[in-house]
Every structure is written in structure tokens, then in C-alpha cells.
Number of protein chains: 2
Amino acid sequence: MGASLPLAPIGIALVGPGLVGRLVLEQFAPPALRPHFRVISISNSRYTVFDDQSGTPSGETTYGLLLEALPPSSQAPSGKATETSIAELAPAELVDALAQRANQSGSHIILVDCTASDALPKVYATALLAGLSVVTPNKVAPAGPHELCQPIAEAQQSAGAGLFYCEGACGAGLPVLSTLADLVRTGDEIVKIEAVLSGTLSYIFNQFSTVQGPRAGEPALRFSEIVRSAHRDGHTEPHPAEDLSGRDVARKLAILARFSTPFTSTAATPATGPILHLPDGTASVSTQSLIPEELVDVRDPNAFVDGLAEHDAPFERMRSEAQAAGKVLRYAGVLDTQSGRIECALQQFSPDHPFASLSGSHLSLAIFTKRYKDRPLVIQGPGYPVEVTASAVVADAIRVAERYGHSFGL
Amino acid sequence: MGASLPLAPIGIALVGPGLVGRLVLEQFAPPALRPHFRVISISNSRYTVFDDQSGTPSGETTYGLLLEALPPSSQAPSGKATETSIAELAPAELVDALAQRANQSGSHIILVDCTASDALPKVYATALLAGLSVVTPNKVAPAGPHELCQPIAEAQQSAGAGLFYCEGACGAGLPVLSTLADLVRTGDEIVKIEAVLSGTLSYIFNQFSTVQGPRAGEPALRFSEIVRSAHRDGHTEPHPAEDLSGRDVARKLAILARFSTPFTSTAATPATGPILHLPDGTASVSTQSLIPEELVDVRDPNAFVDGLAEHDAPFERMRSEAQAAGKVLRYAGVLDTQSGRIECALQQFSPDHPFASLSGSHLSLAIFTKRYKDRPLVIQGPGYPVEVTASAVVADAIRVAERYGHSFGL
């Protein structure tokens, strides 16, 4: 298993060269990783450009050239002879083409899905069965309904199937899913997870509700004011309703639930410990929306933010109630494997809870298990550095490469 | 790589069936892990008992029988015919015997060192070169001098060498070293680590120095009183001077330093980023001892604790200074790869620092990197559950098994 074995580099087939995708490509480029990985194709929602040098060991084509060669998805197909390595492929066709290349070259290929769409997740199982590995920060499959998850879990049980990793899908690259996997696989049982999973909602409520309350002589900030400045400063999605809906938290909580108990129980991997049933994935998570009913249809972000000012009262009341109880408000996800409860809501936490001292846009997870009984294992970090999500993807790819015989030192 | 391939189970050769060692054996026993691992030998400091059924697939000998068959190290060797599978082996001889078994059986073997001694660490490199993997919570090698570390790092570069993992050696099983490895290998650079690494010192100073100060009308607890009750309640080593020396923190900090920058730079793994030079391992870490000079030679734990009461003044002064600055005292390790500073000392932290809100015997690490720039990645958990250290060992063994083709589901 030593590094000196001349193993063929693992092929990286990247789909979705957006913000995270480009950072992923960048992070594969340094000298330490170059002997282990080679970017063999880059795809957008319509086109794929292949590195036709990939078969030859001297091929030094960099991802930059591939990116340049990739036509925008809006462009009509062109028949130019210089573009023979460019193809218009549907997801299933891409998987076929990659599997064929893997067979021909004899080297393993990882499909790296950096899209947020549901097109590729539908063919993950096919890709795994065809011997490709899949690494992705895309939440669609792991947070999806049982029909989408189950085939992926089952595919991994097949001889010759590839590997599936999605650390970047949950917790902005914090080492959460690998930690859960280590706990569960060594026989621990997840009892409860409490989690602040939205950087934006963390940012908002860390200001709205603090242990020490507002400074003497200063009025407490109103909810709508905080959302307005968060939106203005780029701390929210383009439309803040996307954050306030709680959907992103629900998606991440669904993923945590899936990794807290086995995806599936088969003869080969019998279920140990309790199972959370999430037949509809995210849709099975009870989710409190913070969007005032009157504003659900306001499409214009600025009009939405203006409208919020009319709806500060309920938030003010919740803050007063929390303050009276000596607690703070945080929008958190909770999953309890004992009761089967799984929900996202604005909740009160006491001052000695790890969530009470959160600042900025920190995410935080408190994991209670059979072994971490009285005091949880806590993992905490900033909420939205895309660089860190990208590095979770690359770390997953390194994990795959290690399992295909590559060695990266300590 | 699927689970359905009938791979031979990985052999587990456990040395040191003490508290952690027995928990490790227990955690290998559940049905989910049984197809993947087989305990083939158990050793104490003198004897090794081999499972002679290990070659036959139907061999169902459990670790309990091996434990029963293992004579205490104090017992004189016996020539009884029934004990042919018991041998008196020095560490190097054990490695030879295991390597021979691995070659004969064709299945991989992991040497699991659950001792705290330095006997086995001296032969880790030999074991790796002989194709055995090494998994251990023993701090001696990773915190040891360059002469001990370097051969281990180099051995891993050789073709056919085994793998080395030691997550359990640092942070009581918290996912620290794997997280550092993920960061460093994806091109991040560790800038600074601040860490509360001793459960005992955490327990003592979380009571001694709090953000809110002593309760109104109640006198602040004196340092010696807290140590006395911690000792009485079993929160310290048998002799509390062992904790107060800071040595355990220094050892763990040395390990963190080794995983923050490459162990070694060779042509195959050129150093990227800064390197912390620790030629003497732990001995290179500047370490503040909290043992009053007059008490360094007091061998009796109770006399030591009684003596501490005469030395409360300097601690009182440090607490007052911290309080005046609006800060709290924590015994922490700090490593700074930019300045090369690496030290353990009683230090002041401001109320919004993650260490200020620690309670119980929590450990906490704040990791600042090129990517986690302004706000650190924080990992936190209880300080001394041996169960969790054991599960770090088993998780490492699972990692080795995965890299030898085994599959454990998500």
C-alpha cells in the first residue's frame, strides 16, 4: 500500500464547475495530490469536455484548459472538428461514457457532483453499480426520499461497486458525517443530535437573542432589522425567505438522521440500534417556517424584507418569553432516535448550552450517544466558507483513493 | 470493493489487555464487525497467546478464551503440553511471529498496541516494513523524539508496508487527528491550535475560574480545595502531581504538532507549509508545571494534596489578575506554526473564547487554518471516557480494513 507503488491516478469527472466546483478543481492541483488524481472531464448541465490526453501518462492538460473548452450550456451545439472531445450528454449517458473509459484505461474514476440539481443524483446508483465512485456536496440524494436513497445504499453492497461519500452535503465541511460513521460503526448508538445548521439563521439569532441581553441604554435589535442588514451584507440567500423557510436546516437534519442509523438493513448489514424512518427524506422532517404567512408569496426580496417589519411582534414575544426563562433563542434541528422525533424549530436553550455562546454565523452540533451520554461531543465552525465545503469534497476523494490503494502519508 | 466479496478477515493482534484493551476487544465482537476482524493473539508484557484456530474459517474461538488462556506476566513459564499456543516473546519476536502468520495465511494483520510502554513503539517501524499495520492509542511514538517518529513515517512510504493510525493517542477519542489530516492533505495550512487537552486540568480550572465569578455571598473555591476533591472523587491520576506537571498536555500537543505539519519531508511527500521542529518530541514542548517547587519530591499523594494548601497564594494572584482583565484561566496548549511557538501553560482567555464556557472535564480544540481564518474549527467533548478511546482504536482498525478492501456500509 506504499506511495512508491506506481498506481494509475484516479480520474476525476467533475460536474458543475460553479463556485464550489472550481475550488474543488483548484484543490486537486497542488503537487502533493497531482500523482494521485487527474481531472478527466468537466461537465455543465449540457456539455461534457473530456481530456483526451488522459490515457497517456505524459498528459499534462490542466483543468484550466478543460474549463476554457467547455461551452456554456446556453450555446447551441457546434460541429467543429476541433471540438471532438466535447459531447452533449444526459446524466445516464455521461455515466456510460465514464464507465467505458474506466474499463478501457483500467483506472478508477470518481464522479464529483458539484451541482445542486436532482438530475445526477438519480443516476448515482447506476454509476456505483458501473464501478464508478461518487463524491458530492449535493444534498438531493442523502436528504431525498427512500426511493432515491435505498438504491444508493444497496448499490454499495454489490461486488465491484464504487464508493459513495458526501461529507460536504452537511455542515459546510465540518467533519460531521465521518464522525457519525466512526461512532455508529464502532457500535455506539446515536441517542440525540441537536444542531444549528444554517449559517444565516445562526447569524440572525446570535444577534437577536444573547445571554447578556441588549447593552444597557441600547434598544434590542428588532428581528426585521437584523434580517435586513444580513440581506444587505450578503449573509442570506438572494431571497431571505429561502433561509427563513428552514428548508436548508431540514435537508441537513435529514442527512444527519440517515447517517445516525443505517441507510438500510440487509442480510449483509443488519440494522443495529434504532432506526429513524424518513420515508420522504426532508419532507418527513417537521419544519417550522419563520416566514410570516402574509409574505409567503412575496417574490421580490426587497419587498419581502420591507414586509418583515410589520411582523416583528411574534418574534419579540418569543424573545421575551425566552429571556423570562433565562434562556436564548436558536433555530435548531433536533433528532431523537429514542422517540423518533425529528424537527427543526426556533427553540430555547439555557446559557450553559453550547448554542448559547455561538457568535457570527457559526454552525454547531451536539451529539449525544450511548458513550457520550451526559455531555455531548460538540463540533463547531463557521457556517459558509465555500472553500471548506470544497475541501470536504477533496478529502472524500482522498478517502476513495486510499481505498483504491493510494497512500497520502499521515 | 463491495461487502459481498468474501475477503479474509483482518487479524487483530492485541497487546496490553488492560482497561482500554479489553474494551477494544469487546467492541470488535458485535455481529456487524465479526466478518471483518478476528482476534488472533493477545499479549501482555511477557506472554502471547495465539488463536490456533485462526487459519480455519470455522474457527469461532472468542477473545474471552484467549484472555483466559493468557498467563499473568508475573507467572513463571510452564512447559505444559496444553499450552503450546502460548509463547514468551519479546516485541521484535512478536512482530516476526505475526509477519510469518500473515504470510502463511495471506490475510492482513493489525498490531493493536494498547500498552502505555515504550517497548512496542520501538518496533512499529519494523512491523510496518514487515507488512503489518499498527493501530494504537499509545502516545510514546507520535509524541516521541525524531529518532522514533522518523522511521515510522519513512516505513509508510515503502511499497508493501502496513498502515499506521493513532487517533486514540490524542484527545480521548475525539476526531482530531483525522480532521487535521483532512485539512492538511487538501492543501489547508494549520496556522494555530489552542487546546484544553487534560480532562483533569479542565475539571480543576473550570471550577477555579469562571466567567461569572463566585456566587454572591460565597467565597471562591481555593485551588488546593478543588484539587483535593478532584483527587478524592477519582478525577485525577493516583498521584495528582502527574496531572499538574502538564506532561500529558505536552505529549498531546506534540502529537497535534506532528499531525499539523508533515512528519517528514521526502522526495515522495515534499513538505508543504510550515514545519514545527520537535527534535525531542514532548521534551521540545515548553511546559509550565503547576507543581509547587517545595512539593516536587513528595511521593505520597495525600501528603502532596495536604501540602498544596500552603501554596494557594500564586494561584489566587493569577485568578485575581485574570478577573481584573475580565478573563478566565485555563491550562492550555498552544502551537503556532507561523512563529514556531509551542507551549503548555496556564493562560487567560476572554469570555467569548470557546474555552471560557467549558464545564466538567471537557476537552476542547480550536483549530485556526488558512481557511478557518477568523473563526476556528472547534471540536469539544468529555475528557476521559475510556470507552471513547477504545472506539477511536476500533475506528482506526476499520479505516485500515477499508484500505485493504473491506466495506462497512456508510
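**Exercise 1. Describe the seven-stranded sheet of chain B: its strand order, its pairing and its edges.**

Step 1. In chain B, seven strands make an open sheet, ordered β4-β3-β2-β1-β5-β6-β7, with mixed pairing.

Step 2. Find the edges. They are β4 (86-88) and β7 (164-165) of chain B. Each has a single partner strand, so one side of each has no neighbour in the sheet.

Step 3. This is a predicted model. Take one pair of strands from it. Strand β1 (residues 10-15) and strand β5 (residues 109-113) of chain B run parallel and share five bridges.

Step 4. Pin down the register. B:Gly11 has B:Ile109 in β5(B) as its bridge partner.

**Exercise 2. Trace the open sheet of 12 strands and locate its edge strands.**

Step 1. Write the order: β9(A)-β11(A)-β10(A)-β8(A)-β12(A)-β13(A)-β13(B)-β12(B)-β8(B)-β10(B)-β11(B)-β9(B). The sheet is open and its pairing is mixed.

Step 2. Read off the edges. β9 (286-287) of chain A and β9 (286-287) of chain B each pair on one side only.

Step 3. Move inward from the edge in chain A. β9(A) is parallel to strand β11 (residues 341-349) of chain A, with two bridges joining them. Here A:Thr287 lies opposite A:Cys344 of β11(A).

Step 4. Do the same in chain B. Two bridges link β9(B) to strand β11 (residues 341-349) of chain B, again in parallel. B:Thr287 is set opposite B:Cys344 of β11(B).

Step 5. Go one strand further in chain B. Strand β10 (residues 328-336) pairs with β11(B) in the antiparallel sense, over nine bridges. B:Leu329 stands opposite B:Gln348.

Step 6. Inspect the turn. Four residues separate β10(B) and β11(B), which form a hairpin. In that turn B:Gly340 has a positive phi of about 80°.

Step 7. Cross between the chains. β13(A) meets strand β13 (residues 377-381) of chain B in antiparallel pairing, through three bridges. A:Val378 has B:Gln380 as its bridge partner.

**Exercise 3. Quantify the interface of chain A and chain B, and say which elements of chain A supply it.**

Step 1. Count residues. Chain A puts 56 residues into the contact and chain B puts in 56 residues.

Step 2. Take the area. About 5,100 Å² is buried between the chains, and carbon and sulfur atoms give 58% of this.

Step 3. Add the polar terms. There are six salt bridges between chain A and chain B. One of them joins the side chains of A:Arg403 and B:Glu402, at 3.3 Å from N to O. Polar contact across the interface involves 14 residue pairs, with both residues at pLDDT 80 or more.

Step 4. Assign the elements. In chain A, β7 (164-165), α6 (177-185), β13 (377-381) and α13 (386-403) each supply at least two residues of the side that touches chain B. α13(A) gives the most, with nine residues.

Step 5. Sort by class. The side of chain A that touches chain B has 28 nonpolar, 20 polar and eight charged residues.

**Exercise 4. What relation do chain A and chain B have, and through which surface do the copies meet?**

Step 1. Start from the general case. Two copies of a chain are related by a rotation about an axis and a shift along it.

Step 2. Insert the values. Chain A superposes on chain B after a rotation of 180° with 0.0 Å of shift along its axis, at RMSD 0.0 Å. This is the relation of a two-fold axis.

Step 3. Compare the interface residues. 100% of those in chain A are also interface residues in chain B, so the copies meet through the same surface.

Conventions. Residues are numbered from 1 along each chain as its sequence is written. Chains are lettered from A and ligands numbered from 1 in the order in which they are written. This is a predicted model: local features need pLDDT of at least 70, side-chain atom pairs count only at pLDDT 80 or more; totals for chains, interfaces and linings use all residues. Side-chain values use heavy atoms; hydrogens and water are left out. Contact means heavy atoms within 4.5 Å. Buried area is the accessible area (1.4 Å probe) that two parts lose on being put together, summed over both. A salt bridge is a side-chain nitrogen of Lys or Arg within 4 Å of a carboxyl oxygen of Asp or Glu. A polar contact is a pair of N or O atoms within 3.5 Å; within protein, one must be able to donate a hydrogen and the other to accept it, and residues adjacent in sequence count only if both atoms are side-chain atoms. Ala, Val, Leu, Ile, Met, Phe, Trp, Tyr, Cys and Pro count as nonpolar, Asp, Glu, Lys and Arg as charged, and the others, Gly among them, as polar. Two strands pair if DSSP finds at least two bridges between them. Copies are superposed by least squares on the C-alpha atoms of residues with pLDDT of at least 70 in both.
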